[in-house]
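Student: I have a new model open and would like to learn how to read it. Could you walk me through it?

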Amino acid sequence: MLVLSRKKNESIVINNDIRIVVVEIRGDKVRLGVEAPREVPVHRHEVYEAIQRSNEASEATDSSVDN
């Protein structure tokens with residue numbers, strides 16, 4: 001894992017088309033802004049995991065219907 005230090009309003013760039021900006025730092029919380037092409041899905045990790053579980057459950061249901 002690459003670990004970077006950034007201050008408020010500083011950013012990092014990923015793959016020339018994704019920009020992560022430190023919008024605000026308040027106590028132990030950091031607000032990040034993400035600029036990415038529309039076709040690139042961007043989710044909080046817990047939302048991503050929920051989507052993956054939902055997709056797996058859907059696939060399991062689809063395969064049981066096919067049998």
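Tutor: Sure, let's begin with patches: they are made of residues with over 30% relative accessible area and no salt bridge, where like charges are joined within 9 Å and nonpolar side chains (Val, Leu, Ile, Met, Phe, Trp, Tyr) within 5 Å. A salt bridge is a side-chain nitrogen of Lys or Arg within 4 Å of a carboxyl oxygen of Asp or Glu. Areas come from the Shrake-Rupley method with a 1.4 Å probe, and for residues only the protein chains shown count as cover.
This is a predicted model, so local features need pLDDT of at least 70 and side-chain atom pairs 80 or more, while totals for chains, interfaces and linings use all residues. Residues are numbered from 1 along each chain as its sequence is written, and side-chain values use heavy atoms, with hydrogens and water left out.

Student: Which residues make the nonpolar surface patch?

Tutor: Ile 25, Val 30 and Leu 32 make it, covering about 280 Å².

Student: Is Leu 32 buried or exposed?

Tutor: Buried means under 20% relative accessible area, exposed over 50%, and partly exposed in between (1.4 Å probe, protein chains only). Leu 32 has 53%, so it counts as exposed. Leu 32 belongs to strand 3, residues 29–35.

Student: How do I read the strands?

Tutor: Strands of a sheet pair through backbone hydrogen bonds, either parallel or antiparallel. Helices (H or I, at least four residues) and strands (E, at least two) are DSSP runs, numbered from the N terminus; two strands pair if DSSP finds at least two bridges between them. Here three strands form an open antiparallel sheet in the order 1-2-3. Strand 1 and strand 3 stand at the edges with a single partner strand each, so one side of each has no neighbour in the sheet.

Student: How many bridges join strand 2 to strand 3?

Tutor: Seven, with strand 2 spanning residues 18–26. Val 22 has Leu 32 as its bridge partner, and Val 21 has Gly 33. In their hairpin, with two residues between the strands, Gly 27 takes a positive phi near 60°.

Student: What about strand 1?

Tutor: Strand 1 (residues 11–14) pairs with strand 2 over four bridges. Ile 14 is opposite Ile 18.
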